[in-house]
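Dear colleague,

I am passing on the structure below, and after it you will find my notes on what turned up when I went through it. Please read them with the coordinates open.

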Amino acid sequence: MKKMKKHLILLLVVALVFTMLPMSVLAETGEQTAPTEEIQVSAEEPTGEEPEAAPVEADAGKEQPMEVLVTEADEPAAASAEQEEGIAAALDGEIMPMALYSGDCGALGNNVQWNLDTVTGIMNITGTGAMKDWQWFDTVPWDANKNDIKELVVGSGVTSVGGYAFSKCAALQSVVLPAGLLTIGQFAFNQCTSLENINFPNSLTSIKTQAFNSCKIASLDLSGHTSLGNLEAYTFSGCSALTSVKLPDQMTEIGRDAFAACSSLVEVKLSANLQKIGMSAFEGCRSLERVEFPATLTNLELAAFKNSKLKIIVFNGMAAPAVVMGAFGGNPPGGTLYYPTGGTGYDSGTFGELASYNWVFYDETQPNLQVQFPIPRTGDNTAQVTFTSSKSGRLYCFL
C-alpha cells in the first residue's frame, strides 16, 4: 500500500509541474508530450494485487523540480520601509550614495591616505611623506566626489599636496595645511573658485605653477616664509578677490602671469632682493595704483604691468633696469615716476610708453613729510601749510 501511494504522489507531482509550464517553453523544446490521463484514486480496500507500474519517460533520469512547502514559521519577516526603498531604487537602476570614501594617495602608495565624508564635506589627508603627483585633474581617486569637498584638512607628517590633487573642486572653501609642509604641487588648487581660507606654513619651499589660479583668496602674506623659493608661472593668476600681496625678501623672481588678472589688487610689497619680474606678471591688475621696486631689480619683462591703473612708480636702483617695451602699456596718462638722484637710464629711451603717456620723471624718490606748522596769512592766522622735502633738497608746499 505504501509503495502504491509513493507512485501516485510522484505522478501527481510530475503532472502538476507540466501543467505549470508555459506552452511556449514546451514548444521550444520540440518534444511531443502525451496528454495526461486522469487518474482516479479509489477509496476501496486494497485487493492485495500490486498496481501496474507507471511507464518511465526518457528524461526520467533528470532531476525533477520539486514543490517546496513553506510553513508560516518559515516565512521571512516583512521588509522595512528603508529596505523597500533601497530595493526599489536598485530595481530602477539607481545607485544609493555612500557617505564615507577612503583610499591611498601617497607617492609611495599607502604612505598617505585620504578619507571623505560626503555628508559633512570634510576631507582628511593623513600619513607620512609626500602625496602622489597626478598629471590631470580627473585622475585623482576622489574625482567622482570632488564637488562634495568643502573643507580639507591635511594632517601633520604630510609633506606635500600633490599636483592636480584638488583642481576644480568648486565647493572647496577652507584648507588647513600642517607645519612641516614643503610643497604645493602644480594645479593643486587650480580653479577652486570658492576657496577663500587657507594658511601657508612657514616651512613651505615651493608653490608650483597654477597652484592657486582663479581662487577666492583675499590676502596673501608670505613675508615670513624665509625658505620659499621663486613664484612660478600663473601661481595666483585670476584671483579676482585678492587685494594685498606681501612677498619674502629672499625671493629673486616672479614668474610670468603670477598675479595676472588679479583685478582687486591694491597693495604689493615686493621682496627686497627681487631681480626679475616675468612677462605679464601683474597684467590686468586694474586696481593697482602704486608700485615700488627694490634697488636689486634688473629686468622687467613684456607686459609686466600692462593694463594696470598705475599712477606712481618708484625705483630705488641707481641704474634703471632693462625694461621690455610694453611693460607698462595701457596705464593711465599723467602719472609720476620717481628714481634716485643721480640715477641713470630713467628716461624716454627706457620708458618710452610712459613718456608718450605724459608721465613726469623726477630724479628723486617720492617726497617724505618733513614738517607741518601754522603760518599767518591775510585774514587767516590759523591756516595750516605743509612743507615736504625730497632727497634732492627740493621743497614742496601743500596748502
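In this predicted model, I277 has L300 of strand 16 standing opposite, and that pair belongs to the place where strand 14 (residues 276-277) and strand 16 (residues 299-300) run parallel, joined by 2 bridges. The two strands are part of an open sheet of 4 strands with parallel pairing, in the order 12-14-16-18. Strand 12 (253-254) and strand 18 (322-323) each have a single partner strand and stand at the edges, so one side of each is left without a neighbour in the sheet.

E253 is a residue of strand 12, and with a relative accessible area of 30% it is partly exposed, because that value falls between the 20% under which a residue is buried and the 50% over which it is exposed. Leaving aside neighbours within four places in sequence, E253 is in contact with N230, L231, L274 and K276. From E253 to G229 the C-alpha to C-alpha distance is 8.6 Å, although the two are 24 residues apart in sequence.

The pairing between strands 1, 2 and 3 is of the antiparallel kind. Strand 1 (residues 100-106) pairs in that sense with strand 2 (residues 109-117) over 6 bridges, with D104 opposite Q113 of strand 2, and the two strands form a hairpin that has 2 residues between them. Strand 2 also pairs in the antiparallel sense with strand 3 (residues 122-127), over 6 bridges, and here N124 in strand 3 is the bridge partner of N115. The hairpin of strand 2 and strand 3 has 4 residues between the strands, and in it G121 takes a positive phi near 80°.

Turning to the interior, the largest nonpolar core has 79 residues, and those with the most contacts inside it are F166, F189, F212, F259 and F328. Two or more residues are given to this core by each of strand 2, strand 3, strand 4 (151-154), strand 15 (290-293) and strand 17 (312-315), and the largest share, 3 residues, comes from strand 2. As for F259, if residues up to four places away in sequence are not counted, its contacts include L220, L231, F236, L242, I254, F282 and C285. L231 is thus a residue that touches F259 and is also in contact with E253.

What did the cysteines show, and how many disulfides does the structure hold? The structure holds 0 disulfides. C239 is in no disulfide, and the nearest cysteine sulfur, that of C262, is 5.2 Å away, which means that the pair lies outside the 2.5 Å within which two cysteine sulfur atoms would count as a disulfide. C239 counts as buried at 1% relative accessibility, and C105 is buried too, with a relative accessible area of 2%.

Finally, some totals for the protein chain. It contains 4 helices and 23 strands, and buried residues make up 35% of its 399 residues. Of the contacts between residues at least 6 apart in sequence, 37% join residues at least 24 apart. The accessible surface of the chain comes to about 22,900 Å², and 54% of this belongs to carbon and sulfur atoms.

With best regards

Conventions. Residues numbered from 1 in each chain as written. Predicted model: local features only at pLDDT ≥ 70, side-chain atom pairs only at ≥ 80, totals over all residues. Heavy atoms only, no water. Pairing = 2+ DSSP bridges. Buried < 20%, exposed > 50% of the residue type's maximum accessible area, 1.4 Å probe, protein only. Contact = heavy atoms within 4.5 Å. Areas by Shrake-Rupley, 256 points an atom, 1.4 Å probe, with all protein chains shown as cover. Core = buried A, V, L, I, M, F, W, Y, C linked by side-chain atoms within 4.5 Å.
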